[in-house]
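Reader: Could you help me learn how to read a protein model? I would like to go feature by feature.

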Amino acid sequence: MSGRTAIVTGGASGIGGAISRRLATDGNLVAILDINRAAAESAADEIVQAGGKAIGLGVDVTDRAQIESGIEAVRAELGRPTILVNCAGATLACGFLDITRDAWQAALAVNLTSAFDCCQVVIPDMVAEGWGRIVNISSSSVHSGSAGLGAYVTSKSGVVGLTKVLALEFGKHGITVNSIPPGFIDTPMLRKTVDAGMVDVDTQIGRTPVGRIGQPEDVAATTAFLVGDEAGYITGQLIGVNGGRNT
Ligand code: NAD
């Protein structure tokens, strides 16, 4: 039981939800920051009912002021955060020539600038503690590209660059920074693309070497490892969780 304070953005649903539950099970104090305040509170309640410690806060990670006040509340209620999982994200499916500048900026804001802001606000806490763990959730599409997802893939690729730079700048402070690019994980986000007829689950399972769809808990288990003491010599890395779809 580590008793560290962990922040999970987008922690009210899907992959972020599973990461929040897992980090709490491992003994961390978990702050769920999500634009959906009711869902964040309910996810935190679920953790508390199960015997863990968690709080849920309504924070839009595209708004720096909300991030700063949310993280200040985390410091006051749970103590200095030394684990940060940037998981909030959203897709934008659109052919390249039809992407408006507003939509492009919105995709960068939620998928990339949010990680920049959260890291910049939390890293001083980690430096002060001489220990920190950051996991940035990117996407398996950064390996391969994905037609029709130009803004999404570009923003997630930026997350990989940010991960590498932070790993180099802050390794000397005991802080590791890694990225998990997940692929084909069964979450509400994926189910929306299934319902829209963009993804066929059986076809995709056929293209997945391990022969199944990924579960949010698969990503949570990898995150739990990366934020632990034993992973202290792993930094600046992309650790794919994709059933072998990208190698
Ligand atoms: P999800 O839709 O189930 O969860 C996303 C969460 O992010 C939601 O709780 C949502 O409210 C929150 N969120 C969205 N915008 C926000 C904002 N502005 N501020 C704060 N919170 C916000 O989706 P998921 O599939 O669990 O995705 C989690 C992450 O994993 C995303 O970054 C996504 O891009 C990435 N990802 C998922 C898959 C997959 O197969 N599911 C594949 C590759 C990458």
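Author: Let's go through the sheet, the helices on it, the ligand and one residue. Please keep in mind that this is a predicted model.

Reader: Happy to start with the sheet. In what order do the six strands of the open sheet come?

Author: To read a sheet, follow which strand pairs with which. Here the order is 3-2-1-4-5-6, and the pairing is parallel. The edges are strand 3 (53-58) and strand 6 (175-180), each of which pairs on one side only. On average, neighbouring strands in this sheet are turned by 15° against each other, ignoring direction.

Reader: How many bridges join strand 5 and strand 6?

Author: Strand 5, residues 132-137, pairs with strand 6 over six bridges, in the parallel sense. You can find one spot by eye: isoleucine 137 stands opposite isoleucine 180 of strand 6.

Reader: Which strands does helix 1 lie across?

Author: For a helix on a sheet, look at the strands involved and then at the angle. Helix 1 lies across strand 1 (5-9), strand 2 (29-34), strand 4 (81-86) and strand 5, and runs at about 170° to strand 1. Helix 9, residues 216-226, also packs on the sheet; strand 4, strand 5 and strand 6 are the ones it touches. The direction of helix 9 makes about 165° with that of strand 6.

Reader: Now the ligand. Which of the 25 residues around the ligand come nearest?

Author: Those are Ser13, Asp34, Tyr152, Lys156 and Thr187. By class, the shell holds 14 nonpolar, eight polar and three charged residues.

Reader: Which atoms of the ligand lie by polar atoms of the protein?

Author: For this, look at pairs of N or O atoms. A polar side-chain atom of aspartate 34 is 2.6 Å from a ligand oxygen. One ligand nitrogen atom lies 2.9 Å from a side-chain N or O atom of aspartate 60, and a backbone N or O atom of valine 61 is 2.9 Å from a ligand nitrogen atom. The ligand taken alone exposes 830 Å², and the protein buries 90% of that. Helix 1 (14-25), helix 6 (150-170) and helix 7 (188-195) are the elements that give two or more residues to the shell.

Reader: Last, a single residue. Where is valine 142 found?

Author: Valine 142 sits in helix 5, residues 141-144. Setting aside neighbours within four places in sequence, valine 142 is in contact with Val153, Lys156, Ser157, Val160 and Pro181.

Conventions. Residues numbered from 1 in each chain as written. Predicted model: local features only at pLDDT ≥ 70, side-chain atom pairs only at ≥ 80, totals over all residues. Heavy atoms only, no water. Near = heavy atom within 4 Å. Polar contact = N/O pair within 3.5 Å; in protein donor to acceptor, adjacent residues only side chain to side chain. Areas by Shrake-Rupley, 256 points an atom, 1.4 Å probe, with all protein chains shown as cover. Helix = DSSP H or I, 4+ residues; strand = E, 2+ residues; numbered from the N terminus. Nonpolar A, V, L, I, M, F, W, Y, C, P; charged D, E, K, R; others polar. Pairing = 2+ DSSP bridges. Axes fitted to C-alpha atoms, helices over the stretch in contact; angles between N-to-C directions. Contact = heavy atoms within 4.5 Å.
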